Amino acid sequence: MRENNVQVGPEVDKYISEHNNLARTCVLVSIYGKIAGSFAVTDPVKLEAARVISYLHSINITSVMVTGDNWATAAASVMEVGIDKLYAETDPLGKADRIKEIQLQLYNSYRGEWIWMQMKGMAVAMMGDGINDSLAMVAGDVGMAIGAGTDVAIEAAYSSDEEQLGRCSYSH
């Protein structure tokens, strides 16, 4: 494997794979083209995440993760908490497009009966924790911003049209 003119051998590939499987992203440090060190970063899964996903499943809500994280890291998180479907390595515009695709799939599965879907409370919600999620939160029927440091995402979650219902913001 060759990355940025640095030769990476099988032992480094193995090291990276092991960390990816644990939902960690590896950063390699090189000096003059030779690996000099590495570190792994992670965004740990909250302890209650699996319980929340389990509850959502119990009330027939499908969970989908749309993330910019790499596939291996995202897949490890999905497996850990039981999320139904994963879209990884997605840029901010791609996240919004994915939300629109999911809305269209839902719409098509009910033969275009928006009123019936609304009466049944069916909607696509997007929850995000930063500016990279703001476009997708606006695209969703419901946009939710969570976590610390999400001021821009929280603003994006509010509807610019006061008549439109369904937008909300949550911060903790």
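## A hairpin, two cores and a surface patch

Strands β3 and β4 form a hairpin, and two residues lie between them. Tyr-32 sits in the turn and has a positive phi of about 55°. This is a predicted model, and the hairpin is a good place to start reading it.

**The hairpin.** Strand β3 covers residues 24–31, and strand β4 covers residues 34–42. The two pair in the antiparallel sense. Eight bridges join them. Which residue of β4 stands opposite Ile-31? The partner is Lys-34. Further along, Val-27 stands opposite Phe-39 in β4.

**The surface patch.** Phe-39 belongs to strand β4. Phe-39 also joins Val-29 and Val-41 in a nonpolar patch on the surface. Together these three residues have about 230 Å² of accessible area. Is Phe-39 buried or exposed? Neither word fits: its relative accessibility is 42%, so Phe-39 counts as partly exposed. The limits explain this, because buried means under 20% and exposed means over 50%.

**Three residues compared.** The table lists residues from three elements, with their relative accessibility.

| Residue | Element | Relative accessibility | Class |
|---|---|---|---|
| Phe-39 | strand β4 | 42% | partly exposed |
| Thr-73 | helix α3 | 5% | buried |
| Leu-86 | strand β6 | 17% | buried |

**Thr-73.** Helix α3 runs over residues 71–81 and holds Thr-73. Why does Thr-73 count as buried? Its relative accessible area is 5%, and buried means under 20%. Setting aside neighbours within four places in sequence, Thr-73 is in contact with Asn-20, Ala-23, Arg-24 and Thr-25. One of these, Arg-24, falls within the span of β3, residues 24–31.

**Leu-86.** Strand β6 spans residues 85–87, and Leu-86 is part of it. Leu-86 counts as buried because its relative accessibility is 17%. Which residues does Leu-86 touch, not counting residues up to four places away in sequence? They are Met-65, Thr-67, Trp-71, Ala-74, Ala-75 and Val-78. Ser-63 is 23 residues from Leu-86 along the chain, and their C-alpha atoms are separated by 8.9 Å.

**The cores.** The largest nonpolar core has nine residues. They are Ala-96, Ile-99, Ile-102, Val-124, Met-126, Ala-136, Met-137, Ala-139 and Ala-145. Helices α4 (92–109) and α6 (134–139) each supply at least two residues of this core. Apart from it lies another core, with seven residues. Val-78, Ile-83, Leu-86 and Ala-88 are among them.

Back in the largest core, take Ala-139. Beyond its neighbours within four places in sequence, Ala-139 is in contact with Ala-96, Ile-99, Lys-100 and Gln-103.

**The whole protein.** How many helices and strands are there in the protein? There are seven helices and eight strands. The protein has 172 residues, and buried residues make up 30% of them. Its accessible surface comes to about 11,500 Å². Carbon and sulfur atoms account for 55% of that surface. Finally, consider contacts between residues at least 6 apart in sequence: 36% of them join residues at least 24 apart.

Definitions and conventions:
Residues numbered from 1 in each chain as written. Predicted model: local features only at pLDDT ≥ 70, side-chain atom pairs only at ≥ 80, totals over all residues. Heavy atoms only, no water. Helix = DSSP H or I, 4+ residues; strand = E, 2+ residues; numbered from the N terminus. Buried < 20%, exposed > 50% of the residue type's maximum accessible area, 1.4 Å probe, protein only. Contact = heavy atoms within 4.5 Å. Pairing = 2+ DSSP bridges. Patch = residues over 30% accessible without salt bridge, like charges linked within 9 Å, V, L, I, M, F, W, Y side chains within 5 Å. Areas by Shrake-Rupley, 256 points an atom, 1.4 Å probe, with all protein chains shown as cover. Salt bridge = Lys/Arg side-chain N within 4 Å of Asp/Glu carboxyl O. Core = buried A, V, L, I, M, F, W, Y, C linked by side-chain atoms within 4.5 Å.
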